[in-house]
Number of protein chains: 2
Amino acid sequence: MTDTTSRAASPTLDEVAVLAGVSRATVSRVVNDSPKVSPEARQAVLSAVAQLRYVPNRMARSLVTRRTDTVALVLNEPNTQVFSDPFFASIVRGVSATLADTDLNLVLLTAQDEREQEKIGRYARQGHVDGVILMSVHSDDPLPDILEEAGIPLVLCGRPFDDRAVAYVDADNRGGAREAAAYLAASGRRRIATITGPLDMIAGVDRLAGYQAGLAAAGQEVRADLLAEGDFTEVGGARAMAALLERAPDLDAVFVASDPMAVGALRALREAGRRVPEDVAVVGFDDAAVAERCDPPLTTVAQPLTDMTPLLTELLLRQIEGVGEQAESRVCRTHLVRRASA
Amino acid sequence: MTDTTSRAASPTLDEVAVLAGVSRATVSRVVNDSPKVSPEARQAVLSAVAQLRYVPNRMARSLVTRRTDTVALVLNEPNTQVFSDPFFASIVRGVSATLADTDLNLVLLTAQDEREQEKIGRYARQGHVDGVILMSVHSDDPLPDILEEAGIPLVLCGRPFDDRAVAYVDADNRGGAREAAAYLAASGRRRIATITGPLDMIAGVDRLAGYQAGLAAAGQEVRADLLAEGDFTEVGGARAMAALLERAPDLDAVFVASDPMAVGALRALREAGRRVPEDVAVVGFDDAAVAERCDPPLTTVAQPLTDMTPLLTELLLRQIEGVGEQAESRVCRTHLVRRASA
DNA sequence: CTGAAAGCGCTAACAA
DNA sequence: TTGTTAGCGCTTTCAG
C-alpha cells in the first residue's frame, strides 16, 4: 500500500522526467517555458506533470536562482485602528491587483511594535522576498535602515522623514493641502481651521505645512487655536472637531487632513448645529476614493491612487531587475474636487 | 576593491566556518542551538557570525528540513469593506501576537477573487508555508479543497459550510444569538427584529438560526418582515435598520448580528427618533471587543477572542508537528453582556 | 534540441 | 564534542 497516511510527498523533477522518458534538464526547460524544447518532448513532459500533479519546489528553485518571486508589503500598525484605515485597504488592493497578472506573489507583513519590525527585517534578510514595499513609515522606524543595509530592494509608500536616498511614491500632500487652504481663503473664509493627521507621520506633517502655506499665501494668519491634531480616524476627527468648536466657536471653515476624519468632523458639526457649508465650509483629503460615496458629498483633495499603486510596484520591480542605478521616486499630483461641502 | 556596488552577496556557512576555524557542521550546530558544542567553539562561531553579519539562507535550510517556519493567514475579501471589519483586525493582531514569541513567521495573504485564491493555493503547494489559517470562508471557496488535497495543514477561522473533517475554531454563534433573542423575549419584547450578517457566510447563517431558535423557544413567531440582511458593516447596518423601521414600524427590539452593524443601527434609530432601549431594545454581537467602547454602551453577545486566536495557532501547530491524528476543532462559548441598550 | 554533471547553502547521519 | 560526507530538488553551463 502506498502512503496515504503520511503527508503526501510531492513528486520531484526526476519522477516527472522518468515518467516522460526525458532528462531532468528537459523537464526543467518545459517547466520554465524555455523555447528550446521539441514539441514532442514538451508534450510528454506536460502530461507527466499533469498526471503526477507536479508542483516545483520553490525552495530548491530559489536556492539556485536566488529569486523568490515574492514581494512583501509591510504594514506598520502600532496604532490599533490603522488596519481599518481605508487608505491601507486601497493600497493593498491596488498593489495586489497590479501583481495579480504577473507571476509574482504578494505577502502582507504586519508589525505592531519594534520587535515585530525586527522580525520582519530578519525574514527579509533570510531571503524570503525579492523586495519590500513599506507603508506607514513613522519617524523612528528601524526597518528602512535594516533593509537598506541588507541591500534589499525597497520602496516606501510615502516620503521618508529624512532626505535619505530611498525610492518612494507619494502624493503631493503639501501641494494639495495648500490648494485646499487657498481655495477656502479665496471663497471668503477668514477663520480657517485644520484637523491634522498624526504628526509623527509624514503625510500629517506635509498636509499641515501645506495648510499653513496656503493661509500665508492668502495673507491670513495661522492661529494656534484653529489647529487640532487627529489620528486619521473617524472618531478622532469628530473629537478634534468638537475640540475646535469649543476652542474657537467663530471658525468658518476647516481643512480636514483625511476623509475618515472629515466624516467624523461633519458629524460633529451637525451635532453642534452648524450648517455645512453655510456656517462652516469643509474640505477633506481623500486617501481612498471614499469622498464621492460620502453623504453629504465632500469637497476633497483627491489623490490619483490608481496611478500610485502601479507605480509602487513598478519602482520596486525596476530595483529588483537591477535596472537604473539610483533609487527613483515619484510624487503624484493631487487635485481639488469641489462638492457641496465647501 | 570589494563589491560595494552589486547586491551584497551574503556570507555562507563555510565562510563563517573558516573564520571561526571550525567545520560547517559546528557552525550549523551553533546556529541551531544544538547543545553538543563546546563553549569555546560556540564562542568562536558566534563572533564570526557577528563579524560577518551572517544570516542563514532560509531556502537552503528549508530544502533539507522541509520546514519554512512560516504560516499564512489567508484573508478572503471579495467584498471591498471586509478589510475594515474590526473582526479581521482583531484576529490578525491576535494571531500575530501569539506567534511573536515563537520563531514562526506570519504572512498575510489576501484574495479578492477566485483567481487570487488559486494563486494562493499554488503559493502554498510550492512549499512557502508550513500551514494555513483561513478566514472568512464563503460557501464556494475553492481554497479549502486545494489545500486539503495538497496535504497542507489547515485551520479554518469559522465553521465550514459542509461537515467536512477539517480543523476549525469558531464561536458559538448559534448559541449566542439564541441567548440574545431569548433575553429580549424574556424582558417582555414581542416584536423582535434581526439584522443578519451576509447569509453566504456561516457566521451570518448561524446567528440567524440562533435568533430563530431563541424566538421559537420563547413561543414567539418568526416574522419575515422583521428580518433584514446586512453585510457586517456600519453603513449596511444603518440601511437595514431603516428598512426594518419602514417595513415594521411596530418593532420593539432588534438583534443585530455584528457590532459595526449595531452602531449603524443605533444611528438609524436615533435619526428615526426612537429611544433606546425604551422604544427599541438593541442587542449586538461583538466580534472584536468594540462594544464596550461604544457610545452608548451596547448590550452584546461577547466572544472570547483572547481564547480563540491562541487556539487557532495551537491547532495549526499541532497539525504541523503531526501530533494527533484527526483534525481537531473547537467551539468557544459566548456570553451575553448587558449594557444600557437593552 | 537534449543529457550529463556540477553545484546553490544547508542539515543530518555517521565516524572519529 | 567534532569533522566528513551525502544529499534536499532544482537550474544551468557545457558537450553532444
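**Figure 1. Side-chain contacts to the bases of DNA strand C in the predicted model.** A polar side-chain atom of A:R24 is placed 3.3 Å from a base nitrogen of DNA strand C. For A:R29, a polar side-chain atom lies 2.4 Å from a base oxygen of the strand. Polar contacts are pairs of N or O atoms within 3.5 Å. Side-chain values use heavy atoms, without hydrogens and water, and in this predicted model local features need pLDDT of at least 70, side-chain atom pairs count only at pLDDT 80 or more, and totals for chains, interfaces and linings use all residues.

**Figure 2. Backbone contact of B:L13 with DNA strand C.** A polar backbone atom of B:L13 is 2.3 Å from a phosphate oxygen of DNA strand C. Helix 2 (24–31) and helix 4 (58–65) of chain A, together with helix 2 (24–31) and helix 4 (58–65) of chain B, each give two or more residues to the surface near the strand. Helices are DSSP runs (H or I, at least four residues), numbered from the N terminus. Residues are numbered from 1 along each chain as its sequence is written, and chains are lettered from A in the order in which they are written.

**Figure 3. Surroundings of DNA strand C.** Among the 27 residues around DNA strand C (a heavy atom within 4 Å), A:R29, A:S38, B:L13, B:R24 and B:Y54 come nearest. Sugar and phosphate make up 63% of the strand atoms that come within 4 Å of the protein.

**Figure 4. Cysteine A:C157.** The sulfur of A:C157 is too far for a bond with the closest cysteine sulfur, that of A:C332, at 9.8 Å; a disulfide requires sulfur atoms within 2.5 Å.

Note on methods:
Polar contact = N/O pair within 3.5 Å; in protein donor to acceptor, adjacent residues only side chain to side chain.
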